[in-house]
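Welcome to a short set of exercises with worked solutions. Keep the sequence and the 3D view open side by side, and try each task before you read on.

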Amino acid sequence: MTLENSPLDQADVEGFFSLVEKNIGIALDLSKTYLIQSRLSSVVTEHRFTNHASLLRFLITNPVGAIHWQAFEAMTTNETSFYRDSSPFEVLRVTIFPELFQKRREARELNIWSAASSTGQEPYSIAILLREHFPELIGWKICILATDFSEQALEKASLGIYNETEVQRGLTETQIQRHFKRLPNGHYEINPDLRSMVQYKKMNLIQDWPLMPKFDLILMRNVLIYFNQNTKAKILKRLHSQLSDASSYLILGSSESILFDQTYQIVQLDRVSYYQKKIY
Ligand SMILES: C[S@@+](CC[C@H](N)C(=O)[O-])C[C@H]1O[C@@H](n2cnc3c(N)ncnc32)[C@H](O)[C@@H]1O
């Protein structure tokens with residue numbers, strides 16, 4: 001059976017894409033039909049559907065359940081890496097963290113949120129950066145919350161185990177040796193002290209948000225790009241109320257920006273833009 005060649009009914013594709021958007025916010029149009037063939041094969045075989053077309057038919061004619069969530073997860077892009085895009089981490093090291101430590105020196109507490117954290121490289125990069133460059137933080141209460149809707153991504157993130165290619169994407173040899181233990185199978189496990197700085201929680205950005213603390217720093221990188229304008233605007237509004245105050249920071253992905261929300265002010269530093277609550 002060649003799964004790749006099963007013809008897809010256009011109405012079923014549209015029906016499935018609208019289910020994806022309704023449940024996880026990711027907006028797909030017919031130009032992305034190829035993703036069904038390339039990403040859903042494992043769901044087709046695991047649940048013994050005849051082909052992709054019969055899986056789609058099942059998905060659009062049944063109430064949303066476990067197979068749907070598996071399919072939604074398969075349609076997302078989990079691409080990430082340690083110190084992804086590097087410049088924001090440089091701005092964090094040189095400007096944002098020193099400013100935050102100064103402002104929060106009385107409370108000695110910092111809440112950081114990596115939203116849509118995928119397999120954990122982003123929150124662990126923050127933990128590594130803090131550990132390497134800010135030894136004066138010993139004694140501070142630092143919480144890094146990392147959330148994603150994908151259970152698979154969260155499971156990998158909370159294990160903190162990466163293969164050689166993954167650790168080599170963004171980390172130096174010295175960092176790998178200092179912060180990871182090499183396992184007998186050649187994979188690398190993050191050290192427990194860094195692991196314990198990050199808490200993982202399942203969270204769907206387009207559903208109700210759980211009660212969370214206010215954050216001094218939020219990273220929401222490379223996820224808004226998949227949402228439509230309306231969803232993006234709603235999430236930015238909620239993020240605004242999740243920032244502690246006007247001295248808190250929001251960092252988006254390098255190709256993402258806030259154009260229409262007047263409640264944020266944009267700060268441009270080197271090639272990095274970050275956002276803060278506007279003071280009126
Ligand atoms: C491309 S990754 C970005 C990872 C990381 N922030 C980075 O920039 O390297 C996008 C992540 O967004 C997650 N995602 C997509 N839709 C989501 C939603 N509605 N709620 C929560 N996470 C979502 C995906 O599961 C995926 O892990």
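Let us begin with a cap: Asn228 sits at the N-terminal end of helix H12, with a side-chain oxygen 3.1 Å from the backbone nitrogen of Asn230. Please bear in mind throughout that this is a predicted model.

**Exercise 1. The capped helix**

Task: Check the length of H12 (residues 229-242) against a rise of 1.5 Å a residue, then find which of its residues are buried and what covers them.

Solution:
- Step 1. H12 has 14 residues, so at 1.5 Å a residue it should span 20 Å; the end C-alpha atoms are 20 Å apart, which agrees.
- Step 2. The buried residues of H12 are Thr231, Lys232, Ile235, Leu236, Leu239, His240 and Gln242.
- Step 3. The cover over these buried residues includes S1, strand S7 (217-220), strand S8 (249-252), S9 and S10.

**Exercise 2. A helix with a buried side**

Task: Repeat the length check for helix H1 (residues 10-24), and work out how its buried residues are arranged around the axis.

Solution:
- Step 1. With 15 residues at 1.5 Å each, H1 should span 21 Å, and its end C-alpha atoms are indeed 21 Å apart.
- Step 2. Asp12, Val13, Phe16, Phe17, Leu19, Val20, Asn23 and Ile24 are buried in H1.
- Step 3. These residues take up an arc of only 155 degrees around the axis, which places them on the same side of H1.
- Step 4. A reminder helps here: an α-helix has 3.6 residues a turn, so residues three or four places apart point the same way.
- Step 5. Helix H2 (34-39), helix H4 (52-61) and helix H5 (66-75) are among what covers the buried residues of H1.
- Step 6. Now look at both ends. At the start of H1, a side-chain oxygen of Asp9 comes within 3.0 Å of the backbone nitrogen of Ala11. After H1 comes Gly25, with a positive phi near 90 degrees.

**Exercise 3. Two domains**

Task: How far apart are the centres of domain 1 and domain 2, and how many residues does each domain bring to the contact?

Solution:
- Step 1. The protein is split into domain 1 (3-75) and domain 2 (87-277).
- Step 2. Taken over C-alpha atoms, the centres of domain 1 and domain 2 are 31 Å apart.
- Step 3. Ten residues from domain 1 and ten residues from domain 2 take part in the contact.

**Exercise 4. Parallel or antiparallel?**

Task: In which sense do S1 and S2 pair, and in which sense do S9 and S10?

Solution:
- Step 1. S1 and strand S2 (residues 141-148) pair in the parallel sense, over seven bridges. Ala115 stands opposite Thr147 in S2.
- Step 2. Six of the seven residues of S1 (residues 109-115) are buried, so this strand is largely enclosed by the rest of the structure.
- Step 3. Strand S9 (residues 264-269) pairs with S10 in the antiparallel sense, over six bridges. Gln265 stands opposite Gln276 in S10.
- Step 4. The hairpin of S9 and S10 has two residues between the strands, and in it Asp270 takes a positive phi near 50 degrees.
- Step 5. S10 (residues 272-277) has five of its six residues buried, so it too is largely enclosed by the rest of the structure.

**Exercise 5. A three-stranded sheet**

Task: Which strands lie at the edges of the sheet ordered S3-S5-S4?

Solution:
- Step 1. This open sheet has three strands, and the pairing is antiparallel.
- Step 2. Strand S3 (161-162) and strand S4 (180-182) are the edge strands, as each pairs on one side only.
- Step 3. Three bridges join S4 to strand S5 (residues 188-190), and Phe180 stands opposite Ile190 in S5.

**Exercise 6. Buried or partly exposed?**

Task: Sort Phe58, Ser87 and Thr80 by accessibility class, and look up their contacts beyond four places in sequence.

Solution:
- Step 1. The cut-off for buried is under 20% relative accessible area.
- Step 2. Phe58, in helix H4, counts as partly exposed at 26%. Its contacts are Phe49, Ile67 and His68.
- Step 3. Ser87, in helix H6 (residues 87-103), counts as buried at 17%. Ser87 touches Arg271 and Val272.
- Step 4. Thr80, in the loop between H5 and H6, counts as buried at 12%. Thr80 touches Ser118, Thr119, Gln121, Glu122 and Arg169.

How values were computed. Residues are numbered from 1 along each chain as its sequence is written. This is a predicted model: local features need pLDDT of at least 70, side-chain atom pairs count only at pLDDT 80 or more; totals for chains, interfaces and linings use all residues. Side-chain values use heavy atoms; hydrogens and water are left out. Helices (H or I, at least four residues) and strands (E, at least two) are DSSP runs, numbered from the N terminus. The expected span of a helix is 1.5 Å times one less than its number of residues. Buried means under 20% relative accessible area, exposed over 50%, partly exposed in between (1.4 Å probe, protein chains only). The arc is that of the directions from the helix axis to the C-beta atoms. Contact means heavy atoms within 4.5 Å. A polar contact is a pair of N or O atoms within 3.5 Å; within protein, one must be able to donate a hydrogen and the other to accept it, and residues adjacent in sequence count only if both atoms are side-chain atoms. Two strands pair if DSSP finds at least two bridges between them. Domain bounds come from an automatic or database domain assignment.
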